[in-house]
Amino acid sequence: TGKRKGTANARMPVKVLWMRRMRILRRMLKKYRQAKKIDKHLYHLLYRQVKGNMYKNKRILMEHIHKEKAKKQRTKMLADQAESRRTKTREARRRREERIAVKQAERSVSVSEDAKKSVSEDKKPAEKAPKAEKPKAAEKKTAEKPKAAVAEMKAAA
């Protein structure tokens, strides 16, 4: 008495432990799927990972499910925010274009009114505009002085 007879695998076979673990984890996945806690896509992914020995026990599998759900929810929230931002920007751009179109329409109306006024003014006898004055001789000399100074400096060098 008090002595072990047989190897650890003979006393509790690894295969039996494996089968128990698979059954427990698969049962948990089925319950989660039926309770709509996970969708069929996540179920299938997790089922294959359970078979591939990624999860040691129910606790670790449950933690992974919660992380995946949180990740999916965060992704959805960010996508919704981006969509609302795009919608808001699109609406602002549309309003801005409308505002610009209204301003251009007002300008074209005012330009056409100005054109009508100028046409009516052209019919009246036009006054002579004062002629532009010719540059004086003194101004011409000042313009020539720097050129002469540059020519002297070149000659000196």
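The following questions and answers go through the helices, the nonpolar core and two loop residues of a predicted model.

In this predicted model, local features need pLDDT of at least 70 and side-chain atom pairs count only at pLDDT 80 or more, while totals for chains, interfaces and linings use all residues. Residues are numbered from 1 along each chain as its sequence is written, and side-chain values use heavy atoms, with hydrogens and water left out.

Student: Which order do the elements of the protein follow from the N terminus on?

Tutor: Helices (H or I, at least four residues) and strands (E, at least two) are taken as DSSP runs, numbered from the N terminus. The protein has five helices and zero strands, and the order of its elements is α-α-α-α-α.

Student: Which element gives the largest share of the largest nonpolar core?

Tutor: A nonpolar core is a set of buried Ala, Val, Leu, Ile, Met, Phe, Trp, Tyr and Cys residues joined through side-chain atoms within 4.5 Å, where buried means under 20% relative accessible area, exposed over 50% and partly exposed in between (1.4 Å probe, protein chains only). The largest core has 13 residues, and those touching the most other members are Leu29, Ile38, Leu46, Val50, Tyr55, Leu61 and Ile65. Two or more residues come from each of α2 (14–34), α3 (40–51) and α4 (58–123), and the largest share, five residues, is that of α2.

Student: Where do the buried residues of α2 lie around its axis, and over what arc?

Tutor: In an α-helix there are 3.6 residues a turn, so residues three or four places apart point the same way. The buried residues of α2 are Met22, Leu25, Met28, Leu29 and Tyr32, whereas the face turned away from them carries the exposed residues Lys15, Arg23, Lys31 and Gln34. With the arc taken from the directions between the helix axis and the C-beta atoms, the buried residues lie on the same side of α2, over an arc of only 135 degrees.

Student: Which residues does Leu61 contact, leaving aside its neighbours within four places in sequence?

Tutor: Contact means heavy atoms within 4.5 Å, and Leu61 is also among the core residues that touch the most other members. With those neighbours left aside, its contacts are Leu25, Met28, Leu29, Leu46, Val50 and Tyr55.

Student: Is Lys36 buried or exposed?

Tutor: Lys36 lies in the loop between α2 and α3 and has a positive phi of about 65 degrees although it is not a glycine. Its relative accessible area is 73%, so Lys36 is exposed.
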